[in-house]
Amino acid sequence: MNQSPSTTTVPASSPLREAIRAAVESVRADTPMAQSFTNFVTINLVANAQLAAGGTAAMSFLPDDVIDIAAISGATYINVGTLLPFYKDALGEITKALHEKRHRWVLDPVAAGLGATRTRILDGMRDVPPAVVRANASEILTLESMWNPEHAGPADDGAHGPAGVESTDDVDTAARAAERLALYLRSKDAEGLGAVAVSGETDLVTDGKRTYRLPGGNPMMTKITGAGCALGGVVATYLCVADPLVAALAASLLFKRAGERAAAASDGPGSFQTAFLDALWNTDADDVASSTIWEA
């Protein structure tokens with residue numbers, strides 16, 4: 001994607017870039033713990049990505065365990081992919097408790113809009129939402145229409161609707177919905193903070209008032225299972241040390257740079273995954289903070 005005439009490049013000396021650099025450096029120096037209640041298909045990659053980014057991982061599916069661990073972790077990542085029967089009760093209990101404790105968390109609304117149980121789970125989070133939503137364009141369009149029904153629904157944005165875990169919509173189609181959803185998250189947060197990250201060929205990250213586009217990465221990211229899940233986990237890692245917008249930007253930029261390096265060093269999906277974890281480890285704060293960032 002070429003830079004749009006309606007966007008400008010964030011200056012090299014901007015406070016935003018300094019905040020991103022500080023977040024990456026802080027995670028490397030302090031190894032904060034971000035716990036995860038995540039898709040068991042991709043749980044290993046999520047944990048390894050958090051470790052490779054410099055953080056510490058903890059995985060659990062028990063509500064009381066997750067709630068207790070929240071007291072000693074900086075943030076929590078919740079992923080609703082590959083549902084198990086107990087999720088519908090456990091996630092409601094967990095998210096309510098996290099909200100009451102003002103504990104920051106990240107939501108990956110995998111396959112939002114697909115199936116009655118998944119819809120009930122996500123709808124139950126409406127009044128106790130996360131600090132950050134990380135998803136693809138179709139999931140953002142669907143979730144925003146669920147949580148913010150007084151605004152235009154997906155059909156008004158030209159969306160195609162849910163189609164499993166893959167997006168049928170592009171990032172630009174979801175831009176307005178992402179901004180509205182970010183403002184909704186902020187309206188429910190005690191500090192008025194919140195952000196939405198939309199993954200795609202060019203990622204979009206917004207807090208509802210400021211919107212950024214992040215070019216780069218590599219298509220090989222779509223050839224391994226769990227790249228998006230791992231990104232959500234790393235957003236939570238950075239959320240331990242930074243505000244929601246900076247956390248989402250830092251994680252998304254780290255993944256863009258690591259994906260490029262891994263593709264250059266690998267021969268296919270298997271070697272790419274290994275090279276990707278190495279690239280997460282070897283990409284430093286300057287690499288992340290100096291990335292191309294376009295502001296709308």
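Visitor: In what order do the 10 strands of the open sheet stand?

Guide: In this predicted model, 10 strands form an open sheet with mixed pairing. Read across the sheet, the order is β1-β10-β9-β8-β7-β6-β5-β4-β2-β3.

Visitor: Why is one side of β1 and of β3 left without a neighbour in the sheet?

Guide: β1 (8-9) and β3 (56-59) each have a single partner strand, so one side of each has no neighbour in the sheet. The reason is their position: both stand at the edges.

Visitor: Which residue in β10 stands opposite T8?

Guide: Strand β10 covers residues 294-295, and two bridges join β1 to it. The two strands run antiparallel. Within this pair, the residue opposite T8 is E295.

Visitor: Is strand β7 largely enclosed or largely open?

Guide: Strand β7 spans residues 195-199, and buried here means under 20% relative accessible area. Four of its five residues are buried, so the rest of the structure leaves β7 largely enclosed.

Visitor: Which strands are joined to β7 by bridges, and does each run parallel or antiparallel to it?

Guide: Five bridges join β7 to strand β6 (residues 132-136), and this pair runs parallel; here R134 has A197 as its bridge partner. A197 also stands opposite V205 in β8. Three bridges join β7 to β8 (residues 203-206), and the two form a hairpin with three residues between them. The strands asked for are therefore β6, parallel, and β8, antiparallel.

Visitor: At about what angle does helix α2 run to β3?

Guide: Helix α2 (residues 43-53) lies across three strands, namely β2 (33-37), β3 and β4 (75-79). Its buried residues are L45, V46, A47, A49, Q50, A52 and A53. Relative to β3, the helix runs at about 155 degrees.

Visitor: Which residue just after α2 takes a positive phi?

Guide: The phi in question is about 115 degrees. The residue that takes it, just after α2, is G54.

Visitor: Which residues lie nearest the centre of the second largest pocket?

Guide: About 260 Å³ of space lies in this pocket. α4 (87-100) and α7 (175-188) each supply at least two residues of its lining. Of the 15 lining residues, those nearest the centre are H99, R102, H103, D189 and A190.

Visitor: How many residues in the lining of the second largest pocket are charged?

Guide: By class, the lining has eight nonpolar and two polar residues. The number of charged residues is five.

Definitions and conventions: Residues are numbered from 1 along each chain as its sequence is written. This is a predicted model: local features need pLDDT of at least 70, side-chain atom pairs count only at pLDDT 80 or more; totals for chains, interfaces and linings use all residues. Side-chain values use heavy atoms; hydrogens and water are left out. On a 1 Å grid over the protein atoms alone, a cavity is a set of points where a 1.4 Å probe fits but cannot get out, and a pocket is an open set with protein on both sides within 12 Å along at least five of seven lines; lining residues have an atom within 4 Å of a point. Grid points are joined across faces, edges and corners, and a volume is the space filled by probe spheres set on the points. Ala, Val, Leu, Ile, Met, Phe, Trp, Tyr, Cys and Pro count as nonpolar, Asp, Glu, Lys and Arg as charged, and the others, Gly among them, as polar. Two strands pair if DSSP finds at least two bridges between them. Contact means heavy atoms within 4.5 Å. Axes are lines fitted to C-alpha atoms, for helices over the stretch in contact, and angles run from 0 to 180 degrees between N-to-C directions. Buried means under 20% relative accessible area, exposed over 50%, partly exposed in between (1.4 Å probe, protein chains only).
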